[in-house]
Amino acid sequence: GQYDAIILAAAGLKRLGLEARIRSCLTPEESLPSVGQGALGIEVRADRPEVAALVAPLAHADTAWCVTAERAMSRALAGSCTVPLGAFAQIEAGTARLRGFVATPDGARLVRADASAPAGSSAETLGATVADQLERQGAREILGALEMPS
């Protein structure tokens with residue numbers, strides 16, 4: 001009653017048995033997600049190698065690579081949960097691609113970058129490349145304007 005539209009995670013609606021209510025899904029071309037969105041992480045205490053061995057089959061190398069690239073971009077820009085930036089990495093047909101953006105909260109200013117590298121190359125390097133492209137377009141100025149005075 002209070003909304004004309006709302007964007008929710010399709011995975012959550014599916015878990016709730018509400019899949020029939022999904023009208024459409026946003027593609028990365030329409031809206032890049034937050035860094036690491038959709039990836040799960042499992043932490044294991046260093047002194048519990050038997051637990052690490054139990055969860056090792058759950059590790060997915062391509063997903064880990066993609067999240068590493070996305071986080072490298074965010075880290076290079078000093079991103080956080082409160083910074084309006086997004087990134088999406090994917091590996092297809094032997095090529096790794098990372099797309100990223102930084103925007104003002106109202107969307108009035110938006111800078112985008114996109115870079116590719118051979119799969120298996122350095123995720124950190126690809127993340128830094130995209131961050132550098134964003135910086136050259138003014139990402140630092142956008143992010144600097146968001147900083148709160150101490």
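**Exercise 1. Classify Ala93 by its relative accessible area and describe its backbone.**

Solution. Ala93 has a relative accessible area of 85% and is therefore exposed. The classes are buried (under 20% relative accessible area), exposed (over 50%) and partly exposed (in between), with a 1.4 Å probe and protein chains only. Next, locate the residue: Ala93 sits in the loop between β1 and β2. Finally, consider the backbone: phi of Ala93 is near 50°, a positive value in a residue other than glycine.

The model is predicted, with local features requiring pLDDT of at least 70 and side-chain atom pairs counted only at pLDDT 80 or more, whereas totals for chains, interfaces and linings use all residues. Residues are numbered from 1 along each chain as its sequence is written, and side-chain values use heavy atoms, with hydrogens and water left out.

**Exercise 2. State how many helices and strands the protein has, and in what order the elements run.**

Solution. Begin with the count: there are 5 helices and 3 strands. Both are DSSP runs numbered from the N terminus, helices being H or I of at least four residues and strands E of at least two. Then read the order from the N terminus on, which is α-α-α-β-β-β-α-α. For the overall extent, the C-alpha atoms fill a box of roughly 50 × 45 × 40 Å along the principal axes. Of the 150 residues, 27% count as buried.

**Exercise 3. Analyse the salt bridge between Glu29 and Arg99: where do the partners lie, and is each buried or exposed?**

Solution. A salt bridge is a side-chain nitrogen of Lys or Arg within 4 Å of a carboxyl oxygen of Asp or Glu. In general, side chains of opposite charge can pair when their charged atoms come close. The structure holds 7 salt bridges. In the bridge of Glu29 with Arg99, the closest N and O atoms are 2.9 Å apart. This pair links distant parts of the chain, with Glu29 in the loop between α1 and α2 (49–55) and Arg99 in strand β2 (residues 95–103), 70 residues apart. Glu29 counts as exposed because its relative accessibility is 56%. Arg99, at 8% relative accessible area, is buried.

**Exercise 4. For the salt bridges Arg75 with Glu124 and Asp132 with Arg136, determine where the partners lie.**

Solution. Take Arg75 and Glu124 to begin with: their closest N and O atoms are 2.8 Å apart. Arg75 belongs to helix α3 (residues 61–76) and Glu124 to helix α4 (residues 123–136), so that the pair links distant parts of the chain, 49 residues apart. Arg75 has 48% relative accessibility and is partly exposed. Glu124 is partly exposed as well, with a relative accessible area of 41%.

Turn now to Asp132 and Arg136, whose side chains meet in a salt bridge at 3.0 Å, N to O. Both residues lie in helix α4, 4 residues apart, about one turn of the helix. Asp132 is partly exposed at 35% relative accessible area, whereas Arg136 is exposed at 61%.

**Exercise 5. Describe the volume and lining of the largest pocket and of the second largest pocket.**

Solution. On a 1 Å grid over the protein atoms alone, a pocket is an open set of points where a 1.4 Å probe fits, with protein on both sides within 12 Å along at least five of seven lines; lining residues have an atom within 4 Å of a point. A volume is the space filled by probe spheres set on the points, which are joined across faces, edges and corners.

1. The largest pocket has about 1100 Å³ of space. Among its 34 lining residues, the closest to the centre are Leu8, Ala9, Ala10, Cys25 and Leu26. The elements that give two or more residues to this lining are α1, α3 and β1 (85–92), and α3 supplies the largest share, 5 residues.
2. By class, this lining has 21 nonpolar, 9 polar and 4 charged residues. Nonpolar comprises Ala, Val, Leu, Ile, Met, Phe, Trp, Tyr, Cys and Pro, charged comprises Asp, Glu, Lys and Arg, and the others, Gly among them, are polar.
3. The second largest pocket has a volume of about 470 Å³. Of its 16 lining residues, Leu40, Gly41, Ile42, Thr63 and Ala64 are the closest to the centre. The largest share of this lining, 5 residues, comes from α3. Its classes are 10 nonpolar, 5 polar and 1 charged.
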